[in-house]
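Colleague: I've got a model open on my screen and a few things I'd like to ask before I go back to the bench. Mind walking me through it?

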Amino acid sequence: MTLENDPAALIREKALWMRRTAFRMVHEAQLGHPGGDFSAIDIMATLYFGVMNYDPAQPDLASRDRFIMSKGHATGALYTALCAAGYYPEDWLKTYMQPKSLLNGHPNRNYLPGIETNTGPLGHGFPVAVGIAIAGQISGADYRTFVLTGDGEQQEGSNWEAAMTAGHRKLENLTLIIDRNRLQQGQGTEQTAGLDPLDDKYRAFGFHVEMADGHDVGALLALLSASPKGRGKPLCIIANTVKGKGVSFMENQAGWHHGVPNTEQFAQAMEELV
């Protein structure tokens, strides 16, 4: 069976390339957020190579699905996804974080195709996604809007204003995915400002809520590719993930929120990411 006939296998192959490439980018730049990149990459690969409708040759196509990376520090995951999807050549990734590079530490829609809005200050992306979904609802468009937030980001009040509006307007073409790795800068989310029961909170705001293993691409593919028609409410997927997934010394370590590898760590990670 070819990869094209096995969507989950294709997604896993893309995710492996994204992890290896993103870690190399961080290593060479000695800057970045690899822990959050790696918890999100399986979600990103599923969206870009199994779910979303887009055309990299026409990045502003009106019928395209929209994706917002609200956890804007996870540019290793975003830039590798956009590159693998064909938005720009792989050589561009070598400029990551360099002076005057188009590949900033946070995404800028004025620099790169495929980026819908600038993000970085946490809590901004989800409200923008709600606005985009409202625009589609008003115009009768069929495009879907996907937004990925961190779980620590849920501590920002702007998310709950956005959630209230999305639930009120029954934005069935809106999908919120929460990267629930339970770690943020410095310590665990529940030690900083507890979020649980996160699922019940979103149900109370009028969302249909699903819990998922954020590294099970088959399960993610089934949830994300299901038609939203007739659901009558926005979808929230709480994706339980592992920060630094795939590299033993990074997994579940808060220090790798913005840690950078030395030469020995980079070599070990490349041996493990196969």
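**A walk through the model**

Modeller: Sure, let's start at a loop: Pro-197 is in the loop between helix 6 (189–193) and helix 7 (198–204). Keep in mind that this is a predicted model.

Colleague: Is the peptide bond from Asp-196 to Pro-197 cis or trans?

Modeller: Look at the omega angle of the bond that leads from Asp-196 into Pro-197: it is near 0 degrees. That makes this peptide bond cis.

Colleague: Okay, zooming out. In what order do the elements of the protein chain run from the N terminus?

Modeller: The protein chain has nine helices and five strands to place. Reading from the N terminus, the order is α-α-β-α-α-β-α-β-α-α-β-α-β-α.

Colleague: What radius of gyration does the protein chain have, set against a compact globule?

Modeller: For 274 residues, a compact globule would come out near 19 Å, and the protein chain agrees with that. Its C-alpha trace spans about 50 × 45 × 45 Å along the principal axes. The radius of gyration itself is 17 Å.

Colleague: What share of the contacts in the protein chain, at a separation of 6 or more, comes from residues 24 or more positions apart?

Modeller: One such contact joins His-215 and Asp-42, which are 173 residues apart along the chain with their C-alpha atoms 5.5 Å from each other. Counting contacts with a separation of 6 or more, residues 24 or more positions apart account for 76%.

Colleague: And the outside: how much of the accessible surface belongs to carbon and sulfur atoms?

Modeller: Of the 274 residues, 53% count as buried. The accessible surface of the protein chain comes to about 11400 Å². Carbon and sulfur atoms hold 51% of that surface.

Colleague: How far apart are the mean positions of the positive and negative charges?

Modeller: There are 23 positive and 30 negative charges in the protein chain. Take the mean position of each set, and the two points are 5 Å apart.

Colleague: Which feature does UniProt place at residues 18–263?

Modeller: In the model, that span is 36% helix and 12% strand, and its end C-alpha atoms lie 19 Å apart. The name comes from an unreviewed UniProt entry, which lists residues 18–263 as "domain: Transketolase N-terminal".

Colleague: Now some single residues. Is His-215 buried or exposed?

Modeller: His-215 is in the loop between strand 4 (208–213) and helix 8 (217–225). Its contacts beyond its sequence neighbours include Arg-19, Phe-38, Asn-240 and Lys-245. The cut-off for buried is under 20% relative accessible area, and since His-215 has 17% relative accessibility, it counts as buried.

Colleague: What about Asp-179, buried or exposed?

Modeller: Asp-179 lies in strand 3. Leaving out residues up to four places away in sequence, Asp-179 touches Lys-71, Asp-151 and Thr-241, among others. Its relative accessibility is 0%, so Asp-179 counts as buried.

Colleague: And His-168, is that one buried or exposed?

Modeller: You'll find His-168 in helix 5, which covers residues 157–168. Its C-alpha atom is 8.6 Å from that of Lys-233, 65 residues away along the chain. With a relative accessible area of 66%, against a cut-off of over 50%, His-168 is exposed.

Colleague: Which residues does Val-247 touch, not counting those up to four places away in sequence?

Modeller: Val-247 is in the loop between strand 5 (235–240) and helix 9 (263–272), and it is buried, with a relative accessible area of 0%. Ala-129 is 31 Å away, C-alpha to C-alpha. The residues Val-247 touches are Phe-38, Ala-269, Glu-272 and Leu-273.

Colleague: Any odd backbone angles? What is phi of Gln-30?

Modeller: Gln-30 is in the loop between helix 1 (7–29) and helix 2 (34–51) and is partly exposed, with a relative accessible area of 39%. Gln-30 is not a glycine, yet its phi is positive, near 55 degrees.

Colleague: Last one: what is phi of Arg-182?

Modeller: Arg-182 is in the loop between strand 3 (174–180) and helix 6. At 37% relative accessibility, Arg-182 counts as partly exposed. Although Arg-182 is not a glycine, its phi is positive, at about 65 degrees.

Conventions. Residues numbered from 1 in each chain as written. Predicted model: local features only at pLDDT ≥ 70, side-chain atom pairs only at ≥ 80, totals over all residues. Heavy atoms only, no water. Helix = DSSP H or I, 4+ residues; strand = E, 2+ residues; numbered from the N terminus. Rg over C-alpha atoms; globule rule 2.2 N^0.38 Å. Buried < 20%, exposed > 50% of the residue type's maximum accessible area, 1.4 Å probe, protein only. Contact = heavy atoms within 4.5 Å. Areas by Shrake-Rupley, 256 points an atom, 1.4 Å probe, with all protein chains shown as cover. Lys, Arg positive; Asp, Glu negative; His and termini not counted. Charge placed at Lys NZ, Arg CZ, Asp CG, Glu CD. UniProt positions renumbered as here; feature names shortened; annotations may be inferred.
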